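I opened this model to look up its aromatic rings. My notes follow the display.

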Amino acid sequence: MFTSLRSRLLLLLLLIAIPAFGLTLNAYLTIYRQGMARIERDARDLMQLAAKDQETVVAEARLLLILLARLDVVRDPKEAAACHQLLATLFQQQPGYTNFGVADREGNLYCSAVPATGLVNARDRPWFQGALTTGGFVVSDYQIGRVTGKPGLAFGYPLQGPNGEFQGALFASSDLSWLQRLVSMVNLPADSTATVIDPEWR
């Protein structure tokens, strides 16, 4: 009889607890779904901001390189000292970049905002190859600068002779601080991580 009474009490407790547990579980699932929806919304906002900001960065770099390519002091390797002074001054006024530079048709860097130690050749760099093959403005990929040792997004633009022949290429390397600004603008959950993946990632 005692066992039967205890079983009935346990059954009664279960009947009382199950609805409460169901309500608690349902409330938890609702909160979880709302949290996931907010995270997805914030992630979409971050991607949209990143796309817009990158468009601005690319447009500014393109205009800057086009203007620099028209200057004789930049186009002539014999004016390397004056070119360096010009790019160094520009570099101080443009904190969003890690370097500016110019390479001749063989890829040898003869002008750099950040002084280079020794001979630096950029012929294998995507920004140089792109400027050589396309004859226009190139948005390269994430790379580590050979002069600065800093990561950045590189842009290239060709130097052309009177008949359109390739004479060399300009480059500008933008740092990734704009990504940090974007992440700080979006209300992501605590301990969230933003990951940047380049096209060569495996």
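Entry 1, terms. I count two rings of Phe, Tyr or Trp as a pair if their centres lie within 6.5 Å, taking the six-membered ring for Trp. The model is predicted, and I read everything below with that in mind.

Entry 2, the cluster. I looked up which residues group by their rings. Trp127, Phe128, Phe166 and Phe171 form one aromatic cluster. I also noted that the structure holds five aromatic pairs.

Entry 3, Trp127 and Phe171. I began with this pair from the cluster. I describe a pair of aromatic rings by the distance of the centres and the angle of the planes. For Trp127 and Phe171 I read 4.8 Å between the ring centres and 35° between the planes. Stacked needs under 30 degrees and edge-to-face over 60, so the pair at 35° is tilted. I then checked where the two residues sit in the chain. Trp127 belongs to helix H4, residues 126-134, and Phe171 to strand S5, residues 166-174. They are 44 residues apart, and the pair links distant parts of the chain.

Entry 4, burial of that pair. Are Trp127 and Phe171 buried or exposed? My cut-off for buried is under 20% relative accessible area. Trp127 has 3% and is buried. Phe171 has 9% and also counts as buried.

Entry 5, Phe137 and Phe155. I went on to another pair. The ring centres of Phe137 and Phe155 are 6.0 Å apart and the planes are at 10°, so I logged the pair as stacked. Phe137 lies in the loop between H4 and strand S3 (138-144), while Phe155 lies in strand S4, residues 151-160. This pair, too, links distant parts of the chain, with the two positions 18 residues apart in numbering. Phe155 has a relative accessibility of 0% and counts as buried.

Entry 6, Asp175. I looked up this residue in the loop between S5 and helix H5 (177-185). Its relative accessibility is 18%, so I entered Asp175 as buried. What does Asp175 touch, leaving aside its neighbours within four places in sequence? I found contacts with Pro95, Gly96, Tyr97, Thr98 and Pro151.

Entry 7, the whole chain. I listed five helices and five strands in the protein chain. From the N terminus on, I read their order as α-α-α-β-β-α-β-β-β-α. The chain has 202 residues, and 31% of them count as buried. Of the contacts with a separation of 6 or more, 51% come from residues 24 or more positions apart. I noted an accessible surface of about 13,200 Å² for the protein chain, with 59% of it belonging to carbon and sulfur atoms.

Note on methods. Residues numbered from 1 in each chain as written. Predicted model: local features only at pLDDT ≥ 70, side-chain atom pairs only at ≥ 80, totals over all residues. Heavy atoms only, no water. Helix = DSSP H or I, 4+ residues; strand = E, 2+ residues; numbered from the N terminus. Buried < 20%, exposed > 50% of the residue type's maximum accessible area, 1.4 Å probe, protein only. Contact = heavy atoms within 4.5 Å. Areas by Shrake-Rupley, 256 points an atom, 1.4 Å probe, with all protein chains shown as cover.
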